Amino acid sequence: MKFFLDTAIIDEIKRADDWGLLDGVTTNPTLVAKTGKPFLKVAEEIIDLLGPERPVSLEVVATDYEGMVRQARELAKLGPNVAVKIPMTPEGIKAVKTLSEEGIKTNVTLVFSPAQALLAAKAGATFVSPFVGRLDDISMEGMKLIEEVVTIYAHYGFETEVIVASVRHPEHVRQAALLGADIVTLPFAVLEKLFKHPLTDLGLDRFLRDWNSLPEDFKPDFLR
Ligand code: E4P
């Protein structure tokens, strides 16, 4: 399972990369706005940090077919790793079809139903982003959507990769992994929480306390 970071904050991206856990980055206009920096400065810095292989999703803001295709072509010029986020609308799906024929990577965003995910795959999207947290927020079962999308894609051998998006907590990550989703895109705070378990902290404290109770000459130099 690949871990993407759902952020436009450079420091968070650097920290996840430092742990060796970063397979890609997703952004959206809200996340870019939160940085308080100009779009191109943020985008270029992320693209540069990730290198040529790891995908960086950058979103169009046009909503008409021509506008989305024009903006997507410009975004794709920023780097070979750019995947252009296109909203799940009829115009968006038409744009995805055109862009995928041109070899431009796409990520269909704001997906809330299996039928929408099916359309994205049929249009040749590189990635599809079903939003689990926003479904949970309205008392619908976000992970059920992932289960159905993964099942449908497997039936037909679609190559579109499923990015579990709008992730709110580690439980979403556990369920996504059990369902065999290709990717989770995580807010940095959720990535940090994946490390944590109180028994790990307690266990480590006890191991170190017991070790330190040994006489010093029982310990080899390299374990002091
Ligand atoms: C992913 O691509 C989306 O940008 C993101 O996961 C949305 O998350 P939110 O529902 O927490 O805003």
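Of the 224 residues in this protein, 43% count as buried. The model you are looking at is a predicted one. Its secondary structure comes to eleven helices and eight strands, and its C-alpha atoms fill a box of roughly 75 × 35 × 30 Å along the principal axes.

A good place to begin is the ligand. You will find the ligand in the largest pocket, surrounded by Asp6, Asn28, Lys85, Phe131, Arg134, Ala165, Ser166 and Arg168. Sorted by class, this shell has four charged residues, two polar ones and two nonpolar ones. Let's look at how some of these side chains meet the ligand. Lysine 85 has a side-chain N or O atom 2.5 Å from an oxygen atom of the ligand. For aspartate 6, a polar side-chain atom lies 2.7 Å from a ligand oxygen. Arginine 134 also takes part, with an N or O atom of its side chain 2.7 Å from an oxygen atom of the ligand. How much of the ligand does the protein bury? Taken alone, the ligand exposes 340 Å², and the protein buries 84% of that.

Now pick out one member of the shell, alanine 165, which is among the residues around the ligand. Alanine 165 is found in the loop between strand 7, residues 161-164, and helix 9, residues 170-178. Is alanine 165 buried or exposed? Its relative accessible area is 5%, and buried means under 20%, so alanine 165 is buried. If you want to place it against another part of the chain, leucine 194 is 29 residues away in sequence and 16 Å away in space, C-alpha to C-alpha.

Arginine 168, another residue of the shell, leads us on to aspartate 137. The side chains of arginine 168 and aspartate 137 make a polar contact of 2.6 Å. Aspartate 137 lies in helix 7, which covers residues 132-137. Aspartate 137 counts as exposed because its relative accessibility is 52%, and the exposed class begins over 50%. From aspartate 137 to leucine 75 there are 62 residues in sequence and 31 Å in space, again from C-alpha to C-alpha.

Follow the chain on from helix 7 and you come to serine 139, in the loop between helix 7 and helix 8, residues 142-156. Serine 139 has a phi near 60°, a positive value in a residue other than glycine. With a relative accessible area of 72%, serine 139 is exposed.

Where else does a positive phi turn up, at about 60°, in a residue that is not a glycine? Leucine 110 has one. This leucine has its place in strand 5, made of residues 105-111. Leucine 110 counts as partly exposed because its relative accessibility is 33%, which falls between the 20% limit for buried and the 50% limit for exposed.

Our last stop is another leucine, number 50, in helix 3, residues 39-50. Leucine 50 counts as buried, since its relative accessibility is 4%. Leucine 50 and leucine 191 are 141 residues apart in sequence, and their C-alpha atoms are 18 Å apart in space.

Notes. Residues numbered from 1 in each chain as written. Predicted model: local features only at pLDDT ≥ 70, side-chain atom pairs only at ≥ 80, totals over all residues. Heavy atoms only, no water. Near = heavy atom within 4 Å. Polar contact = N/O pair within 3.5 Å; in protein donor to acceptor, adjacent residues only side chain to side chain. Areas by Shrake-Rupley, 256 points an atom, 1.4 Å probe, with all protein chains shown as cover. 1 Å grid on protein atoms, 1.4 Å probe; cavity = no way out; pocket = protein on both sides within 12 Å on 5 of 7 lines; lining within 4 Å. Sits in = over half its atoms within 2 Å of the grid points. Nonpolar A, V, L, I, M, F, W, Y, C, P; charged D, E, K, R; others polar. Helix = DSSP H or I, 4+ residues; strand = E, 2+ residues; numbered from the N terminus. Buried < 20%, exposed > 50% of the residue type's maximum accessible area, 1.4 Å probe, protein only.
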